[in-house]
Amino acid sequence: MEQYEPLPPPLRAALRRSMANGRGAMGRRTLLRAAGLGVAGAAGLTACGIPAAGRTGDSTASTDHSAQEKTVDFSNWTEYIDVSDDGKHRPTLEAFTGRTGIKVKYTEDINDNVEFFGKIKPQLSAGQDTGRDLMVLTDWLAARMIRLGWVQKLDPAHLPHAFANLEQRFRSPDWDPGRAYSYPWQGIATCIAYNKKATKGKKVTSISQLLDDPSLKGRVAMLSEMRDTIGMTLLDMGHKPETVTDDTYDAALARVQKAVDSQQIRKFTGNDYTDGLSKGDIAACVAWAGDLVQLRIDDPDIEYVFPDAGFLFSTDNLLIPAKARHKTNAERLIDYYYEPQVAAQVSAYIAYVCPVAGVKPYLAKIDPSLATNPLILPDAAMDAKSHSFRSLSEDEDTRYEEKFSKLIGA
């Protein structure tokens with residue numbers, strides 16, 4: 001088996017943060033197992049190391065058994081697909097099987113990007129089938145997998161709905177131009193949230209307010225995910241995260257450090273900001289929009305804002321791993337989820353940004369409020385504010401995470 005160096009300490013620390021309290025830890029879609037994913041678990045995963053970016057040279061293709069074997073193995077995050085009221089059925093998957101005769105083995109075995117990578121790395125590095133035909137990975141890991149040559153190039157002939165209905169904002173990320181290897185499952189928007197009782201009715205509309213407003217001192221939270229916190233700060237300072245440099249990164253870092261030193265910032269959090277926000281202990285924070293749909297139903301005092309300066313946007317993505325046994329079946333399943341009526345069913349349940357054009361009338365039939373919710377269907381004005389943190393080199397990622405870890409005391 002090919003050997004790789006383990007991740008540098010700053011990246012190991014960042015990944016531990018992600019598993020402990022990042023977007024993958026406490027959100028609607030995930031639930032960490034009670035045993036085995038503490039610091040010791042993280043250390044075990046990173047000991048094998050996420051390899052440096054760069055193709056291995058091994059072929060990703062394999063014999064496709066789709067015609068003979070009417071099945072597809074699909075790995076996803078927990079609570080990240082539509083489920084019946086009794087919790088016993090996944091309606092869209094059952095409808096796919098009814099239409100095509102292809103049975104879907106659906107496994108909710110992704111609790112964290114790194115933990116899941118630890119499961120499949122041995123087979124991928126050895127050029128073997130992972131036992132999965134389709135998987136959902138967040139954009140930074142999807143980018144790395146593509147660069148390693150560990151995912152298969154998609155056949156456009158099998159993806160007519162996906163090609164036609166992919167929303168423009170998702171079409172060409174810098175890590176997969178033209179979506180040759182991936183299609184988005186859902187989009188994730190970063191915004192500002194505040195409790196209007198805790199702010200005494202005052203609106204919080206910018207990162208500058210979070211960092212400087214004396215009325216918020218000691219009641220501000222920012223995210224423990226580097227790209228979200230630094231990316232939002234870059235935008236507030238007039239810099240684009242798509243073109244971040246060492247100098248602009250350091251400037252944004254210093255901006256946040258000043259707010260730490262003045263005790264303006266109470267803490268850096270993962271999804272656990274939701275409890276403090278509802279209680280009013282946190283008056284305002286940087287937040288993930290996917291958390292706020294349900295939170296606002298439970299607490300009408302919670303408000304959200306996408307700053308005029310812009311906001312960070314990322315994706316979870318469907319990919320077919322190297323040596324997958326049922327590639328065509330997996331492509332048919334991807335394409336199925338790009339039919340607007342099917343995508344609407346999923347969006348109505350999980351409430352993340354839908355990547356499929358044409359879902360609005362179908363969402364309206366399910367619930368009119370969903371069709372007008374910008375957290376699910378961003379409008380043109382929101383699109384204009386959307387930005388992505390550019391792909392970083394291994395060296396940049398290590399250096400940036402090391403500085404950020406020192407900032408937040410991790």
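Where does E79 lie? Select E79 to find out. E79 sits in the loop between β1 (71-77) and α4. The model in your viewer is predicted, so take a moment over the confidence before going further.

**Stop 1: the whole protein**

Colour the model by pLDDT. The mean pLDDT of the protein is 85, and 85% of its residues reach 70 or more. Now select residues 1-8. Here the pLDDT is below 50, and the stretch has 20 contacts in the model beyond near neighbours in sequence. Select residues 11-58 as well. The pLDDT is below 50 there too, with 132 contacts beyond near neighbours in sequence. Where pLDDT is low, the predicted coordinates should not be read in detail.

Switch to a cartoon view. The protein has 18 helices and 10 strands. Of its 410 residues, 56% are buried. Next, think about contacts between residues at least 6 apart in sequence. Among these, 77% join residues at least 24 apart.

**Stop 2: back to E79**

Return to the loop between β1 and α4, where E79 lies. Is E79 buried, partly exposed or exposed? Its relative accessibility is 39%, so E79 counts as partly exposed. Check the backbone as well. Phi of E79 is near 50 degrees, a positive value in a residue other than glycine. Most residues other than glycine have a negative phi.

**Stop 3: the loop after β4**

Select T199 and K200. T199 lies in the loop between β4 and α8 (207-212), and K200 lies in the loop between β4 and α8 too. Start with T199. Its relative accessible area is 9%, so T199 is buried. Leaving aside neighbours within four places in sequence, T199 is in contact with Y194, V204, L216 and A283. Add G280 to your selection. T199 and G280 are 81 residues apart along the chain, yet their C-alpha atoms are separated by 8.7 Å.

Now move to K200. K200 has 80% relative accessibility, so it counts as exposed. Its phi is positive, about 55 degrees, although K200 is not a glycine.

**Stop 4: D109 and its partner**

Select D109, in strand β2 (residues 103-110). D109 is buried, because its relative accessible area is 11% and the cut-off for buried is under 20%. Which side chain makes a polar contact with the side chain of D109? Show R132. The two side chains make a polar contact at 2.9 Å. Beyond residues up to four places away in sequence, D109 touches S75, N76, E115, F116, K119 and R132.

**Stop 5: the nonpolar core**

Show M145, W185 and L333. In the largest nonpolar core, which has 119 residues, these three touch the most other members. Highlight strand β4 (residues 183-195) next. β4 gives the most to this core, with eight residues.

Zoom in on L333. Not counting residues up to four places away in sequence, L333 touches V72, F74, L93, F96, V104 and L134.

L333 is one of the buried residues of helix α13, so select that helix now. Eight of the 10 residues of α13 (residues 327-336) are buried, so the helix is largely enclosed by the rest of the structure. The others on the buried list are K327, N329, A330, E331, I334, D335 and Y336.

**Stop 6: helix α14**

Select residues 340-350, helix α14. P340, V342, A343, A344, V346, S347 and I350 are buried here. What do the buried residues of α14 pack against? They pack against α4 (91-100), α7 (160-165), β4, α13 and α15 (360-366). Then step to A351. This residue follows α14 and has a positive phi, near 65 degrees.

**Stop 7: three helices**

Select α10 (residues 246-261) and α18 (residues 394-408). Their axes come within 10 Å and cross at roughly 10 degrees. α10 and α18 are therefore roughly parallel to each other. On the α10 side, the contact is made by D246, Y249, D250, L253, V256, Q257 and V260. On the α18 side, R399, Y400, E401, K403, F404 and L407 take part.

Keep α18 and add α9 (residues 226-236). The axes of α9 and α18 come within 11 Å and cross at roughly 85 degrees. That makes α9 roughly perpendicular to α18. Here M226, R227, T229 and I230 of α9 meet D397, Y400, E401 and F404 of α18.

Key: Residues numbered from 1 in each chain as written. Heavy atoms only, no water. Helix = DSSP H or I, 4+ residues; strand = E, 2+ residues; numbered from the N terminus. Buried < 20%, exposed > 50% of the residue type's maximum accessible area, 1.4 Å probe, protein only. Polar contact = N/O pair within 3.5 Å; in protein donor to acceptor, adjacent residues only side chain to side chain. Contact = heavy atoms within 4.5 Å. pLDDT = per-residue confidence, 0-100. Core = buried A, V, L, I, M, F, W, Y, C linked by side-chain atoms within 4.5 Å. Axes fitted to C-alpha atoms, helices over the stretch in contact; angles between N-to-C directions. Parallel < 35°, antiparallel > 145°, perpendicular 65-115°, else oblique.
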